[in-house]
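Opening the notebook on this one. I want to look up how the domains sit against each other, then check a few spots along the chain.

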Amino acid sequence: MCAGCFIHLLADSRLKEEQATCPNCRCEISKSLCCRNLAVEKAVSELPAECGFCARQFPRSLLERHQKEECQDRVTQCRYKRIGCPWQGPFHELSVHEAECSHPTKTGNELMEILDEMDQSRHKEMQLYNSIFSLLSFEKIGYTEVQFRPYRTDDFITRLYYETPRLTVLNQTWVLKARVNDSERNPNLSCKRTLSFQLILKSKVQSPMECSFLLLEGPYDDVKINPVIYHFVFSNESNETDYMALPIVDSVECKIGRAAPPPPPP
């Protein structure tokens, strides 16, 4: 099977709390038990595949290059995007658009307004990364590697959720919880999946404790994460954050079924 279907099959089995099995022979399969079939991969690379833009067929081994560099219907952007032109369309219309594009003829004041908006967006992005570097340089910072375990609620209709064992960081006890598709009853039946997580303070505190925490990619994970800094004031009366969406680049990443844990709050 292809890599995407293989990963999806493993994730579905984990959601159902079952051992993954081969759809054909029903033997047990896992990442450690399976290997790439290079002969079949090479044969498949010569089979025809359809271009997503022009619908023409090419050998799979040539399809990626065609879609990126050669296809006349591939989506492209105006060369004046750097000064604010939002146009995007098929490559064969690019030269006509650029010949008529109004952005090169805008006045300096009009361009300054566009560039100011672009600078503000860039400034927010830089603020985020500067804040991350600042947090990582704090005197008191904790990091621990954790593993989520599957559980079911005690409701009449049980819901699947994941929880870590208790961990001690900064002299406090914490727990991380996670859920799939906002506790949907059978998330394995859904093609589109979302993951969300919650940070819980288990120990008692003498006064409210303001914390900042974020989710980062682990050194051995291939989950692509867009970092977001979260802030929360923990107290004895308010010891749980809301469930926050895992800031992944693409929902397909949810099928991997694992993610790097957030470092507990600095």
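Before counting anything, I take contact to mean heavy atoms within 4.5 Å. I also remind myself that this is a predicted model.

**Entry 1: layout.** I looked up the division of the protein chain and found domain 1 (3–65), domain 2 (75–136) and domain 3 (149–251).

**Entry 2: domain 1 against domain 3.** How far apart are the centres of domain 1 and domain 3? I get 31 Å, taken over C-alpha atoms. With the contact cut-off above, 7 residues of domain 1 touch 8 residues of domain 3. The size of an interface is often given as the accessible area lost when the parts come together, so I pulled that up next. About 650 Å² is buried between domain 1 and domain 3, and carbon and sulfur atoms give 50% of that area. On the domain 1 side that touches domain 3, I noted 4 charged residues, 2 nonpolar and 1 polar. How many salt bridges run between domain 1 and domain 3? I wrote down 0. Residue pairs in polar contact between these two domains, both at pLDDT 80 or more, also come to 0.

**Entry 3: the record.** I checked UniProt, where an unreviewed entry puts a "domain: TRAF-type" feature at residues 47–85. The unreviewed entry also lists "zinc finger region: TRAF-type" at residues 47–85. In the model, I find residues 47–85 to be 28% helix and 23% strand. The C-alpha atoms at the two ends of that stretch are 39 Å apart.

**Entry 4: salt bridges.** My count by the salt-bridge rule is 5. I looked at one of them, Lys-68 with Glu-64, where the closest N and O atoms are 3.1 Å apart. Where do Lys-68 and Glu-64 lie? Both are in helix H3 (residues 60–70), 4 residues apart, or about one turn of the helix.

**Entry 5: Ile-114.** I found Ile-114 in helix H5 (residues 108–136). Which residues does Ile-114 contact, leaving aside its neighbours within four places in sequence? I noted Ile-83, Gly-84, His-103 and Lys-106. For Gly-84, I also checked the backbone: its C-alpha atom is 5.9 Å from that of Ile-114, although 30 residues separate the two along the chain.

How values were computed: Residues numbered from 1 in each chain as written. Predicted model: local features only at pLDDT ≥ 70, side-chain atom pairs only at ≥ 80, totals over all residues. Heavy atoms only, no water. Domains from an automatic or database assignment. Buried area = accessible area lost by both parts, 1.4 Å probe. Salt bridge = Lys/Arg side-chain N within 4 Å of Asp/Glu carboxyl O. Polar contact = N/O pair within 3.5 Å; in protein donor to acceptor, adjacent residues only side chain to side chain. Nonpolar A, V, L, I, M, F, W, Y, C, P; charged D, E, K, R; others polar. UniProt positions renumbered as here; feature names shortened; annotations may be inferred.
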